[in-house]
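Dear colleague,

I am handing over the structure below, and I would be grateful if you could look through it alongside the notes that follow.

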Amino acid sequence: LGPNGCATIGMIAAGITLALFPWGGSRWEWFALSFLNGGAGAMSLVPLETIVSRDSRPQKKTQNFAFYGVSLTVGGALGIGIGLNLYVPGNTLVFYLGGCVPIFAGLVLLALFKRTPRIETDTVRIPLEWGRNFLSYGTAWCQGFLEGGMLVFLSLFLLSRGFTESIAGTLMSVTMLGVILFQLPVSWLADRYGKKPLLLACYIVVALGLAAIPWLADSLWLAVGLFCFGACTGAMYPLGLSLLSDRVPESGLARAYAWY
């Protein structure tokens, strides 16, 4: 199918499985639909990363990955916010509306990809070279671990420190604001002054943030610390992807990004 076909089919399949979710009659049917929806999301995510890398100029590649990452973050935030506000128990309309978005986007991509020349890919299996690309794969793991832990435990940590639910929610928003706002400027700097130095600088800030945040009692300084922590955690995504694409041949990108 190639990256173009997989991305299109994945987005359409994601919309269909979401729209079918209310029709599940048992727990196992809901599990199955959720599993299929996640598979459809992966079927679109990895090929889209491959397309961004393939079609980007070298001097703009990290910035393009940053735009891609910001789109993921903003789209996820909008989906969660709108979905929770529109959902009413027993009402299935929100699932249909949510399903229409990726289906429509998939059809738009299909129309765009028809105008894109098909690029033949090499069938030779490209080695992943774990040792050479350890920094990129390690970055993917660290970022996923940090963001997952942040989403699950940060709000509980803030509440345990005596902050009200309103202030804790605001501090969480400040963290996500850092994730969204800093990906683009950090990526711009990386394309001009080097990806590895910027990525290592992000590691240093994240490590300092993890060490300092538990000791920040004032809400203002805590907000500053969480903003910087979120900014550098979010910037790891485009930096790691772009660094990996520089070291893997085009025909091996899809497999490398799947592992990423």
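Lys-195 and Asp-246 form a salt bridge in this predicted model, with their closest N and O atoms 2.5 Å apart (a salt bridge being a side-chain nitrogen of Lys or Arg within 4 Å of a carboxyl oxygen of Asp or Glu). This pair links distant parts of the chain, since Lys-195 is in helix H7 and Asp-246 in the loop between H8 and H9, 51 residues apart (helices are DSSP runs of H or I with at least four residues, numbered from the N terminus). Asp-246 also forms a salt bridge with Lys-61, where the closest N and O atoms are 3.9 Å apart. Because Lys-61 lies in helix H3, that second pair ties together parts that are 185 residues apart in sequence. Lys-61, Lys-195 and Asp-246 are thus linked in a network of salt bridges.

Within this network, Lys-195 counts as buried at 12% relative accessibility and Lys-61 counts as buried at 10%, whereas Asp-246 is partly exposed at 45% (buried means under 20% relative accessible area, exposed over 50%, and partly exposed in between, with a 1.4 Å probe and protein chains only). The whole structure has three salt bridges, one of which joins the side chains of Asp-55 and Arg-54 at 2.9 Å, N to O.

Turning to the interior, the largest nonpolar core has 24 residues, and those with the most contacts inside it are Leu-158, Cys-202, Leu-222 and Leu-239 (a nonpolar core is a set of buried Ala, Val, Leu, Ile, Met, Phe, Trp, Tyr and Cys residues joined through side-chain atoms within 4.5 Å). H5, H6, H7 and H8 each supply at least two residues of this core, and the largest share, nine residues, comes from H8. A second, separate core of 20 residues includes Ile-51, Val-52, Ala-140 and Leu-241.

As for confidence, the mean pLDDT of the protein chain is 82, and 93% of its residues reach 70 or more (pLDDT is the predictor's confidence in each residue, from 0 to 100). The lowest mean, 80, is found in H3 and the highest, 88, in H7.

Residues are numbered from 1 along each chain as its sequence is written, and side-chain values use heavy atoms, with hydrogens and water left out. As this is a predicted model, local features need pLDDT of at least 70 and side-chain atom pairs count only at pLDDT 80 or more, while totals for chains, interfaces and linings use all residues.

With best wishes
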